[in-house]
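The following exercises concern the predicted model shown below. Each task is followed by a solution in steps.

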Amino acid sequence: MSIHFIADIIKGIKPCLPAGRPGRLDKIELIMIISVVNQKGGVGKTTTVINLAAALSALGKRILLIDLDPQGNSSSGFGIEDRSKGIYEILSEQISWQDGLRQIKENLFVIPANQNLAGANIELVNLPDRERFLAKVLNNFSTAFDYIFIDNPPSLGLLTVNSLVAADKVLVPVQAEYYALEGLGQLLSTVELIKQNLQPNLGILGAVVTMYDDKLDLAREVWHELYKNFPYKIFRTVIPRDVKLAEAPSFGKNILEYAPKSKSAKAYQRLAREFLDYHNR
Ligand code: ATP
Ligand code: MG
């Protein structure tokens, strides 16, 4: 999806509409909606959102993960088999948000996604306020959580635009590989467009490097390039390449359950602590 498409979406909309989240002011310090975005596919968005959510909930934070990807990988990664009631059904007002909510653990909730969501790009496109559907849904219940994470599809289409408009912050997983920085400029321009026209409070939380192999010079080069070219926080915690992370979802488990002593479980726990330290500075 090109930047022109997003410019098209934005065209005609009055700039700087208030973000408007009634009822949030009393807990503004705590609640944060974080959209995990990178239009590149397979960079570790879903793996990061699942395991960071699990690690934060284990630290006592009340977490909601919204799966906004029709592939439904973060839903299946949490072992949710019946995905017939999910975010699409909530957005299209077929069910209440409570009916779409699944409790995974004491502090961990997921709203799943199914293939119906793939049609939303087309269905929403001619509706008024098409980029605010998710934000409006979140208005109803965001105060119930400390952090809400949104897992996005690998594109900058209308679903991702909805996610950015609903979010306070953007977290960008970056895979330590040769073309890692390709598309990052487009992503940052998109965020800037949304910030200027639709969600003035949107900010970039930072980038997290995934699938890092410290034996490879290439991974180190990507890391340095990111430092030179990404003018926002880069989490010091890097996520190592670890086959256990790829295995865990097929058991419907996060890495803390599947391989709690693995290097990647420790990395996601460290990332959760760094995330909280950074946020609470
Ligand atoms: P998509 O754009 O399709 O949504 P994504 O950005 O969400 O993809 P993931 O699904 O998290 O990416 O990861 C892509 C693949 O790489 C998956 O098979 C996942 O299990 C694997 N993977 C992710 N992170 C790691 C890692 N650190 N080490 C090894 N494998 C990983
Ligand atoms: Mg994914």
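**Exercise 1. Determine whether the length of helix α2 agrees with the expected span, and describe its surroundings.**

Step 1. α2 has 14 residues, which at 1.5 Å a residue should span 20 Å; its end C-alpha atoms are 20 Å apart, so the two values agree. The expected span is 1.5 Å times one less than the number of residues in the helix. Helices (H or I, at least four residues) and strands (E, at least two) are DSSP runs, numbered from the N terminus.

Step 2. Of the 14 residues of α2, 13 are buried, and the helix is thus mostly covered. A residue is buried if 20 or more other C-beta atoms lie within 10 Å of its own, exposed if 12 or fewer, and partly exposed in between, with C-beta atoms placed from the backbone.

Step 3. Gly 60, with a positive phi near 95°, follows α2.

The conventions are as follows. Residues are numbered from 1 along each chain as its sequence is written, while chains are lettered from A and ligands numbered from 1 in the order in which they are written. This is a predicted model, in which local features need pLDDT of at least 70 and side-chain atom pairs count only at pLDDT 80 or more, whereas totals for chains, interfaces and linings use all residues.

**Exercise 2. State which residues touch the most other members of the largest nonpolar core, and which element gives the largest share of this core.**

Step 1. A nonpolar core is a set of buried Ala, Val, Leu, Ile, Met, Phe, Trp, Tyr and Cys residues joined through C-beta atoms within 7 Å. The largest one holds 80 residues, of which Ala 53, Ile 63 and Phe 149 touch the most other members.

Step 2. α2 supplies the largest share of this core, 7 residues.

Step 3. Beyond its neighbours within four places in sequence, Ala 53 is in contact (C-beta atoms, placed from the backbone, within 7 Å) with Ile 63, Leu 65, Leu 108 and Phe 149.

Step 4. For the chain as a whole, buried residues make up 47% of the 281 residues. Among contacts with a separation of 6 or more, 79% join residues 24 or more positions apart.

**Exercise 3. Describe the residues that surround ligand 1.**

Step 1. A residue is near a molecule or strand if its C-beta atom, placed from the backbone, lies within 6 Å of it. The shell around ligand 1 has 19 residues, and Lys 45, Thr 46, Thr 47, Pro 154 and Ala 246 are the closest.

Step 2. α2 (45-58) and α11 (243-247) are the elements that give two or more residues to this shell.

Step 3. By class, the shell divides into 7 nonpolar, 8 polar and 4 charged residues. Here Ala, Val, Leu, Ile, Met, Phe, Trp, Tyr, Cys and Pro count as nonpolar, Asp, Glu, Lys and Arg as charged, and the others, Gly among them, as polar.

**Exercise 4. Identify the buried residues of α9 and of α13, and state how they are arranged or packed.**

Step 1. Helix α9 (residues 184-197) buries Leu 187, Thr 190, Val 191, Ile 194 and Asn 197. Seen down the axis of α9, these residues fall within an arc of 150°, so they line one face of the helix; the arc is that of the directions from the helix axis to the C-beta atoms.

Step 2. Gly 185 and Glu 192 are exposed on the other side of α9.

Step 3. In α13 the buried residues include Tyr 268, Leu 271 and Phe 275. The buried residues of α13 pack against α2, β7 (203-210), α11 and α12 (255-258).

**Exercise 5. Is Asn 152 buried or exposed, and which residues does Asn 152 touch?**

Step 1. Asn 152 lies in the loop between β5 (147-151) and α8 (158-166).

Step 2. Asn 152 is buried, because 27 other C-beta atoms lie within 10 Å.

Step 3. Leaving out residues up to four places away in sequence, Asn 152 touches nine-membered surroundings that include Lys 45, Asp 69 and Ser 163. 

Step 4. Asn 152 and Ile 66 are 86 residues apart in sequence, and their C-alpha atoms are 8.9 Å apart in space.

**Exercise 6. What is the sign of phi at Glu 93 and Asp 129, and where in the chain do these residues lie?**

Step 1. Glu 93 is not a glycine, yet its phi is positive, about 60°. Glu 93 lies in the loop between α4 (87-91) and α5 (97-100), and it is exposed, with 9 other C-beta atoms within 10 Å.

Step 2. Asp 129, also not a glycine, has a positive phi of about 60°. Asp 129 lies in the loop between α6 (120-124) and α7 (133-139), and it counts as exposed because it has 12 C-beta neighbours inside 10 Å.

Technical notes: Two residues are in contact if their C-beta atoms, placed from the backbone, lie within 7 Å.
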